[in-house]
Amino acid sequence: MKIIRTINYAQKLTTKLREQKKIIGFVPTMGYLHKGHLSLIKEAKKKSDIVFLSIYVNPLQFGPKEDLSRYPRNLKRDEMLCRRAGVDYIFYPEDKIMYPEGYSTYAVVENLTRGLEGKFRPGHFKGVTTIVLKLLNIIQPHYSVFGQKDAQQAAVIKKMTEDLNINTKIIISPTIRETDGLAMSSRNIYLTKEQRADAPYLNKALEYAKRKIQLDNYNKDIDFLRSQMSKLIKSRKTATKIDYISFNDYNTLEEIKSFKNNKKKSILISLAVRFGKVRLIDNIIIKR
Ligand code: AMP
């Protein structure tokens, strides 16, 4: 396994690999890898001859009050995990080569980015789509793997690749959880012991709603479900603020206010909750 730090080298290499008819799989990450990331690598390996993983904490997708400077990093540990998982190349660029002085071009996906995370993190998706587009141009992968954990991000990136005719297939891989249901996230290490004990209630609330909807064949009132979920989460005292609990059409991300006329749709239930300074997101899908 090799670590690549320059765009020039990465592009020459991927061009050569493509000429050799190698199938390239790509997993973009911000590092501090966990089993969720490893599952994406596994998915990429299934489809490809060569797997690239990028580690880049992209400043453009963090708001001024967010956790950019304290985002966890550990290249040595990530390197070891990647080697074990069978990654071929880690792309590990510095800020100054991704955004050199005078940088002024951005990718923006409209509509899908308006609600959910887009509403609470203005500018976040502009940062995400810009960096992902740059990485796709550098790595030129046949397959790019993203996690369902960031459902809106996956939908936005899929839309960008369709709209801009980017020649890569987007694969969306299921959320990997701790045994108590907490979705794995690099940010989980910030949780205190008490917060960590309360955090699985996010998944419990999502599972509760899914069960109720299925048991009652989509006849439940969404506001009632939301308030029950909210009660369950607020029953944990370290859950300090619920940013949103939202019901959306899984395909269009349009908000669903009632199941009437929406019974045939796949539903995305998603939420964002703050535990003090730590903001966690999670979701569940009811596929139709
Ligand atoms: P991050 O390093 O958090 O930016 O995530 C990099 C990629 O890993 C994204 O496509 C995430 O959606 C995905 N990911 C993060 N956590 C999980 C998880 N628990 N299960 C599956 N994929 C995940």
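Start at the ligand: select Met184 and you'll find one of its polar backbone atoms 2.9 Å from a nitrogen atom of the ligand. Keep in mind as you go that this is a predicted model.

Leave the ligand displayed and add Ile176. A polar backbone atom of Ile176 also sits 2.9 Å from a ligand nitrogen atom. Next, pick Met30, where a backbone N or O atom lies 2.9 Å from an oxygen atom of the ligand. Now put a surface on the protein: of the 490 Å² of accessible area that the ligand has on its own, the protein covers 93%.

Time to bring up the whole shell. Select the 17 residues surrounding the ligand; His37, Gly147, Asp150, Ile176 and Met184 are the closest. Colour them by type and you get eight nonpolar, seven polar and two charged residues.

Which elements give two or more residues to this shell? They are strand S2 (24-29), helix H2 (35-47) and strand S5 (143-147). Zoom in on H2, since the largest share of the shell, three residues, comes from there.

Last stop: helix H1, residues 7-19. Put a distance between its end C-alpha atoms and you'll read 18 Å, which agrees with the 18 Å that 13 residues should span at 1.5 Å a residue. Now show the side chains of Ala10, Leu13, Thr14 and Leu17, which are buried in H1. They cover an arc of only 95° around the axis, so they lie on the same side of H1. Swing round to the other side of H1 and select Asn8, Lys12 and Glu19: these are exposed.

Note on methods:
Residues are numbered from 1 along each chain as its sequence is written. This is a predicted model: local features need pLDDT of at least 70, side-chain atom pairs count only at pLDDT 80 or more; totals for chains, interfaces and linings use all residues. Side-chain values use heavy atoms; hydrogens and water are left out. A residue is near a molecule or strand if one of its heavy atoms lies within 4 Å of it. A polar contact is a pair of N or O atoms within 3.5 Å; within protein, one must be able to donate a hydrogen and the other to accept it, and residues adjacent in sequence count only if both atoms are side-chain atoms. Accessible areas come from the Shrake-Rupley method with a 1.4 Å probe; for residues, only the protein chains shown count as cover. Helices (H or I, at least four residues) and strands (E, at least two) are DSSP runs, numbered from the N terminus. Ala, Val, Leu, Ile, Met, Phe, Trp, Tyr, Cys and Pro count as nonpolar, Asp, Glu, Lys and Arg as charged, and the others, Gly among them, as polar. The expected span of a helix is 1.5 Å times one less than its number of residues. Buried means under 20% relative accessible area, exposed over 50%, partly exposed in between (1.4 Å probe, protein chains only). The arc is that of the directions from the helix axis to the C-beta atoms.
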